[in-house]
Amino acid sequence: QVQLVESGGGLVQVGDSLRLSCAASGGIVSIRRMGWYRQAPGKQRELVALAISRGNTNYADSVKGRFTMSRDSGKNTVFLQMNSLKPEDTAVYLCYAYITSDYDTAAYWGQGTQVTVSS
């Protein structure tokens, strides 16, 4: 079974940095898309960063210039470097991937990691 496992969330102060990781495992043949969404209390889930092709990543306007996503393809892992964090970045961050595995081709979500930015 395909699994996405996130790590790296936590409680930080305004202006601090955090680095999130997401590792995909389980019969993976190829990963077509991989990235991050977030959901704050009472709000809809929103895109943060998504790699849609090799070398091409879409970012939400609210995080451009502050967040950078990178990928270790050999380890099926993506990272989200978050700098200059703001209180409005507080949310559960969820890893997303569209994966072809030994079983199917489908979208998968991680369990989420909490990021809290305190002012």
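This note reviews the salt bridges in a predicted model.

1. Overall count. Searching the whole structure gives 4 salt bridges. As general background, side chains of opposite charge can pair when their charged atoms come close.

2. Arg38 and Glu46. These two side chains form a salt bridge with an N to O distance of 2.6 Å. The partners differ in their surroundings: Arg38 counts as buried because its relative accessibility is 5%, under the 20% cut-off. Glu46 has a relative accessible area of 34% and is therefore partly exposed, falling between the 20% and 50% limits.

3. Arg38 and Asp89. Arg38 also takes part in a salt bridge with Asp89, where the closest N and O atoms lie 3.0 Å apart. This pair connects distant parts of the chain, 51 residues apart: Arg38 belongs to strand 4 (residues 28-39), and Asp89 sits in the loop between strand 8 (77-82) and strand 9 (91-101). Both residues of the pair are buried.

4. Asp61 and Lys64. A salt bridge joins the side chains of Asp61 and Lys64, at 3.1 Å from N to O. Asp61 is classed as exposed because its relative accessible area is 64%. Lys64 is likewise exposed, at 51% relative accessibility, given that the class begins over 50%.

5. The network. Which residues are joined into one network by salt bridges that share partners? They are Arg38, Glu46, Arg66 and Asp89. Within this group, the Arg38 side chain meets that of Glu46 and Arg38 also pairs with Asp89.

Methods. Residues numbered from 1 in each chain as written. Predicted model: local features only at pLDDT ≥ 70, side-chain atom pairs only at ≥ 80, totals over all residues. Heavy atoms only, no water. Buried < 20%, exposed > 50% of the residue type's maximum accessible area, 1.4 Å probe, protein only. Helix = DSSP H or I, 4+ residues; strand = E, 2+ residues; numbered from the N terminus.
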